[in-house]
Amino acid sequence: MSGIIGGAGSKSGVIGGSLTKNAVIFALNGDESTAATTTALTDWTKHTPECLGELGTFASPSSGVFAFPRTGFWYVEIHLSTWTHHANGDNSCEMGVWGTDDNSTYARIAYGRAPNSSDGNYYRGGGSVSVIVDITDVTNDKVKFMYSSIDTGGYLGGGASNGCSILFIHLGDT
């Protein structure tokens, strides 16, 4: 994975020289609660409500790790609906995209904080993080997603909702 892309270079056509060949949405299967820690998000399923589909193929993740079905530039976006409880004021949650180009050592390549508003007992909110990656090796270039909160917190899944979801779109060839 050569990282975040710059320009599309001199290739002709639509973004990177080819039309989109893959697009898919994955959603978390259920709600989760966590302690003040960083947690790998692992329970993903393809988003399958009525009238939604998948362009091309994209395998389900293994233990929360996503392998790409083809090389090229990919738009990756994660959206989380979160909640947390923290009596000392810092009530935000963090979501991150982690990548590897050796199928082993992961580094955070994008992250964001989900600000929360109080309903009296808990702080609820949400946010999105997106990144464009250049996948050059489908065996070793992979991504996974992490969640962390300052105190007890969680995220809202459900499988049929986009409360917590990931969008993958193949933008074009490298």
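Author: Let's start with a rule: a residue is buried under 20% relative accessible area, exposed over 50%, and partly exposed in between. Keep in mind that this is a predicted model.

Reader: Okay, then why is Pro69 called partly exposed?

Author: Its relative accessible area is 36%. That value falls between the 20% and 50% cut-offs, so Pro69 counts as partly exposed.

Reader: Where is Pro69 found, and with which residues is Pro69 in contact?

Author: Pro69 is in the loop that links strand 5 (66–67) to strand 6 (72–84). Setting aside neighbours within four places in sequence, Pro69 touches Asn22, Thr57, Phe58, Trp74 and Val138. His170 is 101 residues away along the chain, yet the two C-alpha atoms are separated by 9.6 Å.

Reader: What makes Ser62 exposed?

Author: Ser62 has a relative accessible area of 52%. Exposed means over 50%, so Ser62 makes the cut. You'll find Ser62 in the loop between strand 4 (44–46) and strand 5. Between the C-alpha atoms of Ser62 and Asp43 there are 9.4 Å, with 19 residues separating them in sequence.

Reader: And why is Ser63 called exposed?

Author: With a relative accessible area of 64%, Ser63 is over the 50% cut-off, so exposed is the right word. Ser63 sits in the loop between strand 4 and strand 5. Ser63 also has a positive phi, about 55°, although it is not a glycine.

Reader: Which residue in the loop between strand 7 and strand 8 has its place there, and what makes that residue partly exposed?

Author: That's Asn103, in the loop between strand 7 (93–100) and strand 8 (107–114). Its relative accessible area is 37%, which is between 20% and 50%, so Asn103 is partly exposed. Asn103 isn't a glycine either, but it has a positive phi of about 60°.

Reader: How do you know that Thr100 counts as buried?

Author: Thr100 has 2% relative accessibility, and buried means under 20%, so Thr100 qualifies. Thr100 is part of strand 7. A polar atom of the Thr100 side chain lies 3.1 Å from the backbone nitrogen of Asn103. The limit for a polar contact is 3.5 Å, so that distance fits.

Reader: What makes Asp141 a residue with no salt bridge?

Author: The nearest side chain of opposite charge belongs to Lys142, 9.4 Å away. A salt bridge needs the nitrogen and the carboxyl oxygen within 4 Å, so this pair doesn't make one. Asp141 is buried all the same.

Reader: What does the side chain of Asp141 reach?

Author: The backbone nitrogen of Thr136, at 2.8 Å. That is within 3.5 Å, so it fits the distance for a polar contact. Asp141 itself is in the loop between strand 10 (123–135) and strand 11 (142–149).

Reader: Why is strand 13 largely enclosed by the rest of the structure?

Author: Six of its eight residues, within the stretch 165–172, are buried, so strand 13 is largely enclosed.

Reader: How do you know that strand 1 and strand 13 pair?

Author: They share five bridges, in the antiparallel sense. Pairing needs at least two bridges, so these strands pass. Among the partners, Phe26 stands opposite Ile166, and Ala27 is bridged to Ser165. Strand 1 (residues 23–28) also pairs with strand 4, antiparallel over three bridges, and there the bridge partner of Ala27 is Thr45.

Reader: How many residues does the largest nonpolar core have, and which have the most contacts inside it?

Author: The largest nonpolar core has 25 residues, and Phe66, Phe68, Val76, Phe145 and Phe168 have the most contacts inside it. Strands 1, 6, 7, 10, 11 and 13 each supply at least two residues of this core. Leaving aside neighbours within four places in sequence, Phe68 has contacts including Val76, Val133, Ile135, Val143 and Phe168. Asp141 is also one of the residues Phe68 is in contact with.

Reader: What about the protein chain: how many helices and strands?

Author: Zero helices and 13 strands. Of its 174 residues, 40% are buried. Take the contacts between residues at least 6 apart in sequence: 76% of them join residues at least 24 apart.

Note on methods. Residues numbered from 1 in each chain as written. Predicted model: local features only at pLDDT ≥ 70, side-chain atom pairs only at ≥ 80, totals over all residues. Heavy atoms only, no water. Helix = DSSP H or I, 4+ residues; strand = E, 2+ residues; numbered from the N terminus. Buried < 20%, exposed > 50% of the residue type's maximum accessible area, 1.4 Å probe, protein only. Lys, Arg positive; Asp, Glu negative; His and termini not counted. Polar contact = N/O pair within 3.5 Å; in protein donor to acceptor, adjacent residues only side chain to side chain. Contact = heavy atoms within 4.5 Å. Core = buried A, V, L, I, M, F, W, Y, C linked by side-chain atoms within 4.5 Å.
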